[in-house]
Amino acid sequence: MFKNTEEFIKEYRGEFLRSVGEAFETCDAWQKYAALAKLICNKAAHQSVLTQQRQLASNSKRVYYFSMEFLIGRLLKSYLINLGIEDLVRDGLEQMGEDLDYLCDQCVAPGLGNGGLGRLAACFMDSLASLGYAGYGMGLRYDYGLFRQKIVNGQQEELPDAWLDKPYPWELHNEDDMVEVRLGGVIERHYQDGKLTFTHHGYKAVAAIPYDIPIVGWEGKTVNKLRLWHAKPLVENFDLAAFNRGDYSVAMRDRNEINALTAVLYPEDSTEAGKALRLNQEYFLSAAGIGSIIRRYRERYGNNAWQDLPRRVAIHINDTHPALCVPELMRVLMDDIGLGWDEAWDITTHTISYTNHTVLPEALETWSIDLMRRLLPRIYMIIEEIDRRFRESLQWPGWQDHLRFTAILWDDRVRMANLSVIGSYSVNGVAALHTEILKNDVMKDFYKLYPERFNNKTNGVTHRRFLMEANPRLTRLIDEAIGDEWRVKPSLLQNLLRYENDDAFLDKLAAVKLANKQHLADFIKQENGIVIDPESVYDVHVKRIHAYKRQLLNVFKIMDLYNQLHDNPNMEMVPYTFIFSGKAAAGYVFAKEVIRLICSVAELVNKDPVCQGKIKVVFVENFTVYKAQQIYPAADISEQISTAGKEASGTGNMKFMFNGAVTLGTLDGANIEILEQVGRDNICIFGLTAEQVMNYYLDGSYLAFTQCKNDLRLQRITEQLTNGHFAGVGGDFWGIYDPLLRNNDEYFVLKDFDSYLTAWNSLSELYKDERAWRQVSLRNIAKAGYFSSDRTIAEYVKDIWHL
């Protein structure tokens with residue numbers, strides 16, 4: 001890469017002349033960052049060419065990972081670490097009078113994702129490259145991402161995430177690889193040479209333009225690509241007459257409608273127009289990606305090797321958003337290449353694999369048949385035929401009962417999860433409990449039909465970003481203790497266990513944590529203007545805001561503490577700082593009310609003299625990968641308190657674990673596997689089990705009013721929701737009260753309240769024993785290696801993709 005600091009400085013100065021057109025000394029901070037990013041990007045692009053040449057020479061099988069989200073975060077420091085040149089670049093910049101961290105702060109994270117789904121996809125891309133596999137991402141290049149969250153008077157407001165205001169230096173524009181995508185129109189059937197063929201008329205032609213971002217693996221040996229598709233008109237249809245008469249919106253309508261396809265992630269779909277946009281968006285991703293794959297395959301292997309496609313290509317769909325890859329691959333194989341149905345179906349069902357990420361019924365996507373037929377007529381015809389053939393395959397006693405749960409077309413809906421299962425050769429869950437729920441409940445009928453397809457792949461996170469980059473202090477301490485081979489083999493972190501009774505090492509570990517807490521305190525003061533005590537316990541709950549994730553349960557705990565302190569101002573307690581962050585979906589009223597409640601409680605608690613020095617509450621707005629990297633290393637308690645059986649896996653729990661936080665959680669998702677790794681003495685578990693939750697749903701015996709009536713603490717808290725006590729920000733909270741008590745507390749917040757407080761109090765007691773707490777923290781770090789995404793990807797490669 002660079003032989004020495006002098007060579008780096010020479011090439012860096014040269015980059016200013018190439019990409020900026022000015023000398024280093026006359027450039028502003030962003031120009032200095034952009035030139036550095038472009039220099040590293042060009043080096044990565046060169047290595048990407050070498051990677052592809054190596055893969056071609058070895059005839060490597062490729063996996064294409066389709067996902068609506070890739071939450072890749074800031075790239076500069078991550079890539080410098082993976083290339084092994086961070087210290088060299090830092091020294092070179094210092095000689096030039098510049099600071100690497102300051103330049104990294106100029107980075108803008110792409111608006112390509114929202115939460116765990118997108119961050120998982122990004123971790124997988126990192127691990128595929130780091131392990132040397134040919135793994136390529138397929139996503140969309142959104143103009144404005146999801147949204148930028150702004151908290152105004154305690155309430156969430158959504159602003160555009162304008163991450164493309166300035167050129168993004170990491171992307172390479174590849175206009176020559178454009179793929180045509182056709183939307184709408186009508187299908188004409190006719191026979192040609194005795195064969196039924198289909199002609200598409202009256203469609204809207206969209207140009208899918210690829211932008212490639214290099215994915216740099218560990219040590220830079222493998223550089224893959226994340227390909228992001230952007231929509232623009234294939235042919236400009238500008239209505240000059242309309243423009244000249246002043247009807248500008250009509251003149252630009254065609255362009256605007258097409259540009260909307262990649263304007264934002266997850267467009268609000270409460271309207272018919274929103275639903276249409278979202279479905280078209282999902283098809284656009286599937287069609288552009290499949291078109292690109294097929295074109296490359298044809299160029300490489302010719303037009304007579306389609307039976308070998310599953311041996312040379314794996315297509316993986318990350319949740320149901322790219323489920324239309326199934327009918328689109330069928331369409332291309334039949335309509336464009338000329339294969340018959342049986343041959344095309346055999347190829348498709350041996351090429352595509354599917355990861356399910358949810359057991360929530362409302363998150364299992366369905367679309368109106370009328371909408372699908374109107375927007376994607378040929379695709380709907382193929383889905384209809386897949387469904388017909390599937391129904392015919394179920395001719396045995398009682399098959400009608402199975403159809404109610406397994407048919408793709410049912411009750412005027414197209415069920416995308418069912419399409420994904422039927423069209424795939426592998427279906428995996430993302431944690432052991434999640435997979436068992438799929439097999440025994442959500443997809444039990446499919447499991448009876450295709451037991452060999454179902455398997456578990458517990459999620460993981462890249463330790464290179466969430467430990468090595470996010471927590472350099474801890475990384476250095478680990479290197480000093482056990483060497484640096486754990487960076488390549490994270491399972492070697494378990495060698496830290498030899499220090500669990502070494503007081504000197506435990507003191508160093510505590511010093512690292514305190515320094516990270518001071519760093520976060522400085523960050524929060526700058527971001528929020530709130531002063532927090534680094535000597536307090538940092539109790540952290542950062543993730544997407546949703547009812548099942550139960551931020552509300554955590555807030556109730558704080559409200560109860562507030563009440564206790566007012567009942568007994570002299571109450572002795574360990575000082576706590578409660579830190580929240582996360583976005584609520586724009587149309588999710590309940591979740592936005594929970595944010596308002598958190599901010600209302602914070603407003604009251606932080607100004608209350610009785611609470612001073614004992615509890616403080618902070619909501620960090622606009623949660624991003626970068627902000628997560630400030631928070632995880634500083635956390636003492638990791639709140640993973642979802643209703644049991646609702647969280648597929650969770651990955652925040654793993655990121656906290658790598659940084660030594662202690663999990664306070666339910667027996668849900670990957671919490672169960674964390675428990676198995678660290679043992680019950682090193683995690684704090686509470687609440688209903690998934691089986692108990694399901695039993696309550698089935699027998700209807702849980703009554704929220706009774707639960708509340710029998711607990712004076714809950715009576716008081718729920719009354720405070722509506723009596724004005726916490727109404728300082730925007731009024732009372734009937735929007736929370738009613739779902740809890742009138743709608744019977746769907747996610748068992750009230751039921752688990754007592755168990756939760758008991759568990760939390762036990763952690764408070766443990767924290768008072770400094771040595772014991774440090775030992776528990778160390779054991780969590782030592783056992784975190786299992787949750788590296790390198791392990792997860794190795795399992796996908798071995799069991800599913802066969803790379």
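# A guided tour, starting at N82

Select N82 to begin, and note that this residue is buried, because its relative accessible area is 2%, which falls under the 20% cut-off. The model you have open is a predicted one, so please read each value on this tour as computed from that prediction.

With N82 still selected, show the backbone around it, and you will find the residue in helix α3, which covers residues 76-83. Now add D126 to the selection and display both side chains, which are joined by a polar contact of 3.3 Å. If you then widen the view to the neighbours of N82, leaving aside residues up to four places away in sequence, you will see that N82 touches D126, S130, V216, G217, W218, E219, G220 and R464.

**The whole chain**

Next, zoom out until the entire chain is in view, and colour it by secondary structure, which will bring up 34 helices and 23 strands. The C-alpha atoms fill a box of roughly 90 × 75 × 65 Å when this is taken along the principal axes. For 803 residues, a compact globule would have a radius of gyration near 28 Å, and the chain agrees with this, since its own value is 27 Å.

Switch to a surface display, where the accessible surface of the chain comes to about 31100 Å², with 48% of it belonging to carbon and sulfur atoms. Of the 803 residues, 60% count as buried, as N82 does. Where contacts link residues at least 6 apart in sequence, 75% of them join residues at least 24 apart. Colouring by charge will pick out 90 positive and 107 negative side chains, and the centres of these two sets lie 3 Å apart.

**Towards the start of the chain: E15**

Now select E15, which lies in helix α1, a helix that spans residues 5-20. Is E15 buried or exposed? E15 counts as buried, because its relative accessibility is 2%. Around it, once residues up to four places away in sequence are set aside, E15 touches V20, A35, K38, L39 and N42.

**A loop stop: P110**

Move on to P110, which you will find in the loop between α5 (100-104) and α6 (116-130). Although P110 belongs to a loop, this residue is buried, with a relative accessible area of 4%. Beyond the residues up to four places away in sequence, P110 touches I72, G73, W163 and Y168. To get a sense of distance, select Y562 as well, and draw a line from C-alpha to C-alpha: P110 and Y562 are 40 Å apart in space, while 452 residues separate them in sequence.

**The loop between α31 and α32**

For the last stop, select N744, which is found in the loop between α31 (734-742) and α32 (749-768). Most residues other than glycine have a negative phi. N744, however, has a positive phi of about 65° although it is not a glycine. This residue is partly exposed, with a relative accessible area of 30%.

Then select F748, which is found in the loop between α31 and α32. What is the phi of F748 near? The phi of F748 is near 60°, a positive value in a residue other than glycine. Here the residue counts as buried, because its relative accessibility is 2%. Keep N744 and F748 displayed together as you finish, with N744 partly exposed and F748 buried.

Key:
Residues are numbered from 1 along each chain as its sequence is written. This is a predicted model: local features need pLDDT of at least 70, side-chain atom pairs count only at pLDDT 80 or more; totals for chains, interfaces and linings use all residues. Side-chain values use heavy atoms; hydrogens and water are left out. Helices (H or I, at least four residues) and strands (E, at least two) are DSSP runs, numbered from the N terminus. Buried means under 20% relative accessible area, exposed over 50%, partly exposed in between (1.4 Å probe, protein chains only). A polar contact is a pair of N or O atoms within 3.5 Å; within protein, one must be able to donate a hydrogen and the other to accept it, and residues adjacent in sequence count only if both atoms are side-chain atoms. Contact means heavy atoms within 4.5 Å. The radius of gyration is taken over C-alpha atoms; the globule rule is 2.2 Å times the number of residues to the power 0.38. Accessible areas come from the Shrake-Rupley method with a 1.4 Å probe; for residues, only the protein chains shown count as cover. Lys and Arg count as positive and Asp and Glu as negative; His and the chain ends are not counted. The place of a charge is taken as NZ of Lys, CZ of Arg, CG of Asp or CD of Glu.
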